[in-house]
Amino acid sequence: MVKRKNVSISEDDGESGLINENGKVIFEDKEKKKRIKTKSLYRQPTVNELNRLQETETLFNSNLFRLQVEEILQEVKVKEKVEKRFLQWFTDFKNHLDSIPTDDTEYDLTEHTLTKKIKVKLPISEELKKTKCVFKFHKFETVDIVGSYALGCAINSKLVVDLQITVPSQTYTKNDSINYRYHKKRAAYLAYIASYLSKSDIIVDLNYSFINGCETKPILILKPAGKLQNHLSVRINLVCDTDTFKLHRFSPKRNNLRQSWLFSTTESEETDSPTPYYNSSILYDVTALNNEKLLRDTLLNSENLKQAVVLLKIWLRQRNIPISGQIVNNIVVYYVQTKRVNNIMSSYQIVRNIWIALKTSEWDKKGISLCKAADATPSLEEFHQNFPIVFIDSTGYYNICWQICKGTYYALKRECALAVEMLDNVKINSFIPLFMTPVKMLMKFDHILRFKNMELLKTSVLDKVSKDDKLNYGLDRLMLVTDTVYSLLAKGLGDRVHLILQMVEADFTWPVKKVLSAAKTDSCYEEKLAFGLILNKDNALNPVEKGPPANLPEALEFRAFWGDKSELRRFQDGSITETCVWEGEATAERRGITKQIINYLMDLKYGVKGSDLFHVMDQLDSVLVRKQYAGESSAHCEEACLDVLRAFDELRRDLRQLTELPLDISAVYGTSSVFSYSRPVPPVARPAPRQPYRRAGACLLKQASRRDGLPSLPHYTPVSRAVIELGHSGKWPGDIEAFRCLKAAFHLQISDRLTEQYSLITHAYPSHVDVLKNGLVFRLAIAHPKEITLLKREIENGVVKHKDSEESARLQRDTQLMPRLRGALHGLHQKYPAFGPTACLFKRWLSSHLLSPPHFPSVTAELMAATVFLHPQPFTPPTQPTIGLFRVLRLLAATDWTSEVFVLDFNDDLTREQITELEQAARADPRGRSVCIVTAQEREVGLACEPGPPPPALRRAQALAASALAYLENSLLNEFNDNLLPMFVPSLSEYDVQIVLHPSLVPEWAERVCAPPRRRPPTPHVGDELIPVVDFHPVLTYLDDLRSAYGDFAVFFHDLYGGEVIAVLWKPDVDEYEDFQALNANALIPETVDGETRYKVNKEAIIEDFRILGQGLVKSVNVL
């Protein structure tokens, strides 16, 4: 045992000596040293290594997590050469600023004398021009580097260095805090500095901008000249001396903005309402020096704290939560003060403790403060009366979170809870989703609300808000509109949503020599506002909004809020309450209830019509509707699947109650995708065929012609497959043929008993039984594990061996794996109702791009969709199918499938060791899976799932997914394009040959994505007296013939759901010359090359064979 306290050996010393059991170093001669060096891989660990391992166990989540944290910290660290270059540039920059002379001239800022002299424009809006004040430039004393760069916790990506200039107190008078005088003088001071900077040759690209989108707080943004401009930009902000204003003038209950100025009225109000928001815009500058000193004292010499700040900033940036680095710094300082964290902790421990603290915090009800002497400062209750979120700075007067909306804070809390949950989940590597995966708006939210006309929205909302609110927010009207609409949505949606997050795009940068209004006009500047909603899957689909009982005072408030939509209703429990009822019977319709609520409230409260709102949520719902049955209850795929499941449940009950069978039926399991709600075009009950040819209870294919001479095709009727498990018996034969004969006898008996006991129409076959139930056809087959064993059995030299074969693997997959997998996927849909439609959309998208099976197996597509729900990190499982498809496309495009393995644990009962075992087995699979998605069910029956798409098809799908995501982002977030069907339109230009089919002979041709919906008359009574022609698909039969005959020369692609084109792609070696061989002489034509007879594939003859094989089905064959 090593005694660490007796020795201290560096990692380099490990090559020069060994440690004995007493912890002493044994020095060896040179020969032994050399031997140890060559075998250093197996030497005993040094004390430093042991200490590091112990630290990892104590201070970090895992050794891998520690290595990843260290790597990312090193990666984002500002390079040393950049720091040196910036220091040199800053010295020159500071010297240039020091050369600015003092100007004793007083300028009336209502005139243009200052702008004419300095040759740059003041960064103020038109409304500030009415403020009367006199400005005199007093030269500043210092220019300081502040913020994250000064503290040593900046990130080199998009690096911005903050410079702070302290404006002398004599620049302002004590009354300048009123009516934006301070802001106007501050803007003039900034313009004065900009005029001198514009003449400097060490600066390029000098512009104005705003602090956090606040138009009354301009700043300067510039790029250093030379190579440094490629690495960073510089932001110049102005702050005040600490003695410029008395802090109590800006307490939350004080007024510093008069109604007479804001509304341009002559009447003066004796008691103006408080203006805490306006006051905070000045306090930001007044308290800056004190707060910066606190940050420096706490963070500057604490390396672990700085690393934690960097990790928090990376985490927030990846999640697009609008929280500034200054707030992050102050959060860390607060938890240091409260002894929640300290510098002895590792960066991981600090970050984890902060996440745990934030997820349980209540800054909206119980604010926090950095101020130690709170007796002489406003109370927290006073701040809570005026701000939604409260975090007080060290002075006790300034609310650091004055610009933070409730939605932002709730998003922060939610993300903290998810982060801790990921850290505690030992089954995943939490580092990747926490710090490496960007969370884009289109992927994060279930429902995004955008506004088509921002000016209309601002006008409508501002007309309705109170004067006190207008006075409080002053000229920052966009923030007032945002907070007002957020409050309306939060109250209206209630517990239907987990989160509402506002997303404001108001940043603007313009040249210093341009007037603000002109710059906005020239650049077509437009403010953008959106709200992202994460829905509560348990309540979002509830069509009834139950309010308070009618006899309570709250009922009046409920009626006032909901207007005419509120009505009295009596419920089964006898209660009579105010209620709002929303439209929606089918599940797909109820997913749009949040959209109904938002449209109704925006129209009721602010007169904004639904046509002026843009919802990102249900753009692809039309793809999930059967076009031939538009308007019927079973038109949507979920409702049609539900009808099949109901009929199957009745049939399963009938089967288990059958009598007079040699063995009882113990279980019946569905294996078709319809049982997991993931069949894009599910079966629909149809009336019995007219005047059919029949054999027993089955309909025969009728040879008939249409008026155009083409054959008449019966309606395509798919079967829903299921397997039957019989009771235990040891009398099954040991010969495979005898076994199958006995199975056929069981099928006959099951068919007879169903007909006799329940009058069901059945038809028995040796391999299965077809049963007609409620107009739907079910195909039942007996499954027994002994059949798989018999198929594996081989006899070599009199010795019985068991070896997997293609037939045994297929039977094992169909009878053992698929029943378990279907049950798991069905349970997943019950837990997350968006799974089934998401899988349907993904399969329709793949098929529309001609990647239907076998190019992309159906089961692989379903498992990929399931991965989005079982491994949603860093998101939460989607509630809307359209958003679910976006997530699946992102998963497909962004994943490195050559190295990534996903283990789907549907019941969450696998251990970390079992998951690792499955991952290793998937990587070692001799079939070579291109997509490694392993299920917990495969652990029970072996890796029997399909190996996945061929690598070329996978790469094609990934390229198409990346292109589709770019199209979606542009259509939904940059434009207002509701029509997303172009993403389902395939590109046929890359193929070599097109085989065009007659549309009338293509099953489900009317179900194409681009097909118009057709409202059929109501389906007459479904007849159960005859089984129709089932699974008759001439296009698939034709494709099987093509692949069988010409699969060596070409690859065939087709849209399974109504596609009328078969695209053909020649294989790369089809143009190569071959030697003649008797066994490989098909489709070859002789050619003379350099006097020798060589053989080449005869493409023209093969193309002609395409036409001959498809005679009657093929309309034309086009060579591209």
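Beyond its neighbours within four places in sequence, T142 is in contact with three residues: Q164, I165 and T166. This comes from a predicted model. T142 sits in the loop between β4 (134-136) and β5 (143-146). L97 lies 45 residues away from T142 along the chain, yet their C-alpha atoms are separated by 9.5 Å.

Is T142 buried, exposed or partly exposed? Its relative accessible area is 35%. Buried would require under 20%, and exposed over 50%. T142 is therefore partly exposed.

Now turn to an open sheet further along the chain, around β32 (1050-1054). Strands of a sheet pair through backbone hydrogen bonds, either parallel or antiparallel. Here four strands take part, and the pairing is antiparallel. Their order is β32-β33-β31-β36. Which strands form the edges? They are β32 and β36 (1114-1119), each pairing on one side only. From one strand to the next, the twist averages 20°.

Follow the edge strand β32 to its partner. Five bridges join β32 to β33 (residues 1061-1066), and the two run antiparallel. One pair of bridge partners is V1051 and L1065, the latter in β33.

A helix completes this view. Helix α35 spans residues 1034-1046. It lies across β31 (993-997), β32, β33 and β36. Relative to β32, α35 runs at about 165°.

Notes. Residues are numbered from 1 along each chain as its sequence is written. This is a predicted model: local features need pLDDT of at least 70, side-chain atom pairs count only at pLDDT 80 or more; totals for chains, interfaces and linings use all residues. Side-chain values use heavy atoms; hydrogens and water are left out. Two strands pair if DSSP finds at least two bridges between them. Axes are lines fitted to C-alpha atoms, for helices over the stretch in contact, and angles run from 0 to 180 degrees between N-to-C directions. Contact means heavy atoms within 4.5 Å. Buried means under 20% relative accessible area, exposed over 50%, partly exposed in between (1.4 Å probe, protein chains only).
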